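Visitor: I'd like to know what stands behind the words used for a model like this one. Could you show me the values and the cut-offs together?

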Amino acid sequence: MPEEVPHFVPPEIQNNPFGWGPCEMPDQFKDMPYQPFSKGDRIGKISDWTGLSQDKKYLNKYQSQFGGGTQYTYYHEEDENTFHLVDTARVQKPPYQRGRHFRQGGRMMRGQGGRGGMSRLPGGSNQFQTLGKLNKLQRDRKNPNARRGWNNKQGGRSNKNNMQMKSRDASVTVRADWNTIEEMDFVRFSKLSLPTVKDPEDLVCCGSLEYYDKSYDRINVKNEKPLQRVDRLFHTVTTTDDPIIRKLVKTVGNVYATDAILACLMCCTRSNYSWDIVIEKVGDKLFFDKRDNTEFDLLTVNETAVEPPSEEANSLNSPRNLALEATFINHNFSQQVLKTGEARYKFEETNPFVSDDETDGEVASVAYRYRKWDLDNGIVLVARCEHDSVLQVPNGDLQFLTIKALNEWDSKLSGGVDWRHKLDVQRGGVLATELRNNACKLAKWTVQALLAGSDYIKFGYVSRVQVRDSSKHVILGTQQYKPTEFATQINLNMDNAWGILRCIIDLCMKQKDGKYLIMKDPNKPLIRLYDIPDNTFDSDNDENEDEEIGEKSTIPAELLPPNP
């Protein structure tokens, strides 16, 4: 009888032309719950049903990278009859069960000779008391405030650990008719880079600048100077309302913005508070704008601190009140340190935002540079940048300055560094604390100085006269840096900043013509791009606006599509 040859039955192979894996779900795996698992995840105690034994120092130590998952969650039927109330009150133990080594008469007491910290009381009685507790009771009787201070310290520490992060409000309410196009998290942004950006080209320079007063460089804590109120006009005009940009649109560029808007986008990975920017796409051109009557131009205070300011609206140190105070200080400081009443340095063209009834003395010292950057692949950026002052060096050259002010509001609530004690002897420590508490604000200032081409950025240290009075301040000192050196010191990578901006521009260029909004999530490290209706944020939507569309529309009339 011939030997039977084994026959190989090939398995059935499914060809998936659209991806990897089987085309259909096998019958044996249908209706079976699936929980993804990574070999890199740590495995905790399997029988730990309460979760009390987790590592409190690393709360996410045993968390899966795929999330919690609810595939194996038990859902009980809505049958309340099977539940019974359980008494969870602690039962008071009798004295003979309270201590592990307790025994009447003291035969089971440990350390009767002092080894365990126990000692007989005078008189030869069998009562024992811990020496440490006895000394502590005596200390508490002599100094009752010591125990109270210790309790307050422990209570404050526990409250700090148990304090939950309060959710912040968004800068604008997201409406139901807004469509989310993209979510961009900061982890992705931190990996971007655009190192091929060339030096900018000046298109238009306008405005006039007052010279810096060098006497303010000699101010110190012992020779402080009061901050004066300087009543001058500061123009914060958005992109599409700028008459110079309206002229440049016809000849150069396809992306338009201001230095403040660009700095906000470039430094978005350092921001914690919510902000938003309106984008309008017309043809192959993009316009980045800020909304009217918003807090975009207000300076944040302690935004990146471990303990940011309290959200209480009526508090003197609420985020909004501190932002108003910081903006007030910056405006007055940037004008007080100048030589007022003397001849100004003037550019070829005048300030485009000054009306006929305004004089130079009423307008703040500011000069504008309209600059062009080539970002490759047909993207040409045109932006308005600012200088605050000018300084003439001994060899006769002129140096343009960006002037900003750091303000101290309450040292006990903002890092514990008292400027009046530390500024003259440990200025580096004071600046390090500010870099930690205001990383986003300092980075935006540095980016604005780099975009404008300022030779130096000057910082003023301004503090309150009284901690509980936000209306009176004194100047305690000044400090200056070259923007490139300061960017290196604060770990600001301009290649990464240009990469973030280019990523946002490319994403917006892919969209159809219309209005969009970029908003930083108030509680998560990401920004979202929304597609919003064209009439969003318009104060007046009357149909008669069409006759005056060249004046009231945010986009220049030459770029608007013709009416049907």
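Visitor: How do you know that the span of H7 agrees with its 18 residues?

Guide: Helices here are DSSP runs of H or I with at least four residues, strands are runs of E with at least two, and both are numbered from the N terminus. The expected span of a helix is 1.5 Å times one less than its number of residues, so the 18 residues of H7 should span 26 Å. The end C-alpha atoms of H7 are 25 Å apart, which agrees. One note before we go on: this is a predicted model, where local features need pLDDT of at least 70 and side-chain atom pairs count only at pLDDT 80 or more, while totals for chains, interfaces and linings use all residues. Residues are numbered from 1 along each chain as its sequence is written, and side-chain values use heavy atoms, leaving out hydrogens and water.

Visitor: What makes H7 mostly covered?

Guide: Of the 18 residues in H7, 13 are buried. Buried means a relative accessible area under 20%, exposed means over 50%, and partly exposed is in between (1.4 Å probe, protein chains only).

Visitor: Why is Ser318 called buried?

Guide: Ser318 has a relative accessibility of 3%, and that is under 20%, so Ser318 counts as buried. You will find Ser318 in the loop between strand S8 (285–289) and helix H7 (319–336). Leaving out residues up to four places away in sequence, Ser318 touches Ser310, Glu312 and Ala313, where contact means heavy atoms within 4.5 Å.

Visitor: What makes the approach of the Ser318 side chain to Ser315 a polar contact?

Guide: A polar contact is a pair of N or O atoms within 3.5 Å; within protein, one must be able to donate a hydrogen and the other to accept it, and residues adjacent in sequence count only if both atoms are side-chain atoms. The side chain of Ser318 reaches the backbone oxygen of Ser315 at 3.4 Å, which is within that limit.

Visitor: How many aromatic pairs are there in the whole structure?

Guide: A search finds 14. One of them joins Phe186 and Phe189, 6.5 Å centre to centre with 25° between the planes.

Visitor: Why is the pair of Phe186 and Phe189 called stacked?

Guide: Rings of Phe, Tyr and Trp (its six-membered ring) pair if their centres lie within 6.5 Å; planes under 30 degrees apart count as stacked, over 60 as edge-to-face and the rest as tilted. At 25°, the planes of Phe186 and Phe189 are under 30 degrees apart, so the pair is stacked. These two residues are three apart in helix H4, so about one helical turn separates them. Both count as buried: Phe186 has 8% relative accessible area and Phe189 has 1%.

Visitor: What makes the pair of Trp445 and Phe459 tilted?

Guide: The angle between the planes of Trp445 and Phe459 is 35°, with the centres 6.3 Å apart. That angle is neither under 30 nor over 60, so the pair is tilted. Trp445 belongs to helix H10 (residues 439–452) and Phe459 to strand S14 (residues 456–464), so this pair ties together parts 14 residues apart in sequence. Ring pairs also link Trp445 and Phe459 with Tyr481 and Phe486 in a cluster.

Visitor: How do you know that Arg291 sits over the ring of Phe537?

Guide: A charge sits over a ring if NZ of Lys or CZ of Arg is within 6 Å of the ring centre and within 35 degrees of the ring normal. The charged end of Arg291 is 5.1 Å from the ring centre of Phe537. Arg369 lies over the face of Phe400 too, at 4.9 Å from the ring centre.

Visitor: How do you know that S10 and S11 pair?

Guide: Two strands pair if DSSP finds at least two bridges between them. Eight bridges join the antiparallel S10 and S11, and Cys385 in S11 is the bridge partner of Arg369. S10 also pairs antiparallel with strand S4 (residues 201–209) over seven bridges, with Val204 opposite Tyr370 in S10.

Visitor: What makes Asp376 stand out in the hairpin of S10 and S11?

Guide: Asp376 has a positive phi of about 70° although it is not a glycine. Most residues other than glycine have a negative phi. At 29% relative accessibility, Asp376 falls between 20% and 50%, so it counts as partly exposed.
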